[in-house]
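Got the viewer open? Let's take a walk through this one together, one selection at a time.

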Amino acid sequence: NNTTKNESKYTTKAPTIVNLQNLYAQDENSEGSSKYKRKLLYLKYDNNNLSKYQCLVRKQIEIFEAKKEDVAWRKEAYGKEIVLGQIGIQCRHCARIPTRHRTRGATYYL
C-alpha cells in the first residue's frame with residue numbers, strides 16, 4: 001500500500017452540485033424558501049482538507065438558484081438568458097443587494 005499520510009486526509013468526498021437539494025435539508029448554513037435557495041460553498045469538513053485561507057474564501061461564496069428577478073435582469077442588462085432555478089455562485093454579502101444594484105462580477109451562472 002503506497003498511501004501516504006497526506007493522501008489519507010483527503011478521503012472525504014465533497015458533495016456535487018447534483019446533491020444541492022439534499023444539502024439544503026441537512027445543513028444549517030442554508031438559507032431561503034422554496035422559491036429562492038442559497039447555500040454557502042463552505043462545508044463543515046472543509047477544515048480537514050483545505051487551508052484556512054481557502055476556507056475563509058469559501059465562507060464568502062454562495063451557491064444559489066436564480067429567481068424571477070435574476071432572470072429578468074440578466075436578459076435586460078446583458079442580453080443573456082438564464083432560466084428560473086438555474087444554479088449560480090455569488091458573493092454572500094452582495095446577495096443582500098437588489099439584483100439591479102450589484103457590482104459586475106458579484107454573480108455568475110453555471
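Before you click, one term: two strands count as a pair if DSSP finds at least two bridges between them. Also keep in mind that you're looking at a predicted model.

**Stop one: strand 3.** Select residues 61-65, which make up strand 3. This strand is mostly covered, with four of its five residues buried.

**Stop two: a neighbour.** Now add residues 37-40, which are strand 2. Strand 2 and strand 3 pair in the antiparallel sense, and three bridges hold the pairing. To see where they face each other, pick Leu 40 and look across to Glu 62 in strand 3, which stands opposite.

**Stop three: another neighbour.** Next, select residues 87-91 to bring up strand 4. Strand 4 also runs antiparallel to strand 3, and five bridges join the two. Click Ile 63 and find the residue opposite: that's Ile 89 in strand 4.

**Stop four: salt bridges.** How many salt bridges does the structure hold? There are three, so called because in each a side-chain nitrogen of Lys or Arg comes within 4 Å of a carboxyl oxygen of Asp or Glu.

Start with Glu 62, which you've already met, and show its side chain together with Arg 38. These two form a salt bridge, with their closest N and O atoms 3.2 Å apart. The pair links distant parts of the chain: Glu 62 sits in strand 3 and Arg 38 in strand 2, 24 residues apart. Is Glu 62 buried or exposed? Glu 62 is buried, at a relative accessible area of 3%. Arg 38 is buried too, with a value of 12%.

Now jump to Arg 58 and Asp 46, another salt bridge, where the closest N and O atoms are 2.8 Å apart. Arg 58 lies in helix 4 (residues 52-58) and Asp 46 in helix 3 (residues 46-49), so the pair ties together parts that are twelve residues apart in sequence. Turn on a surface and compare the partners: Arg 58 is partly exposed, with a relative accessible area of 22%, whereas Asp 46 is buried, at 5%.

**Last stop: Asp 70.** Select Asp 70 and Lys 67. They form a salt bridge as well, and here the closest N and O atoms are 3.9 Å apart. Why does Asp 70 count as buried? Its relative accessibility is 2%, and buried means under 20%.

Conventions. Residues numbered from 1 in each chain as written. Predicted model: local features only at pLDDT ≥ 70, side-chain atom pairs only at ≥ 80, totals over all residues. Heavy atoms only, no water. Buried < 20%, exposed > 50% of the residue type's maximum accessible area, 1.4 Å probe, protein only.
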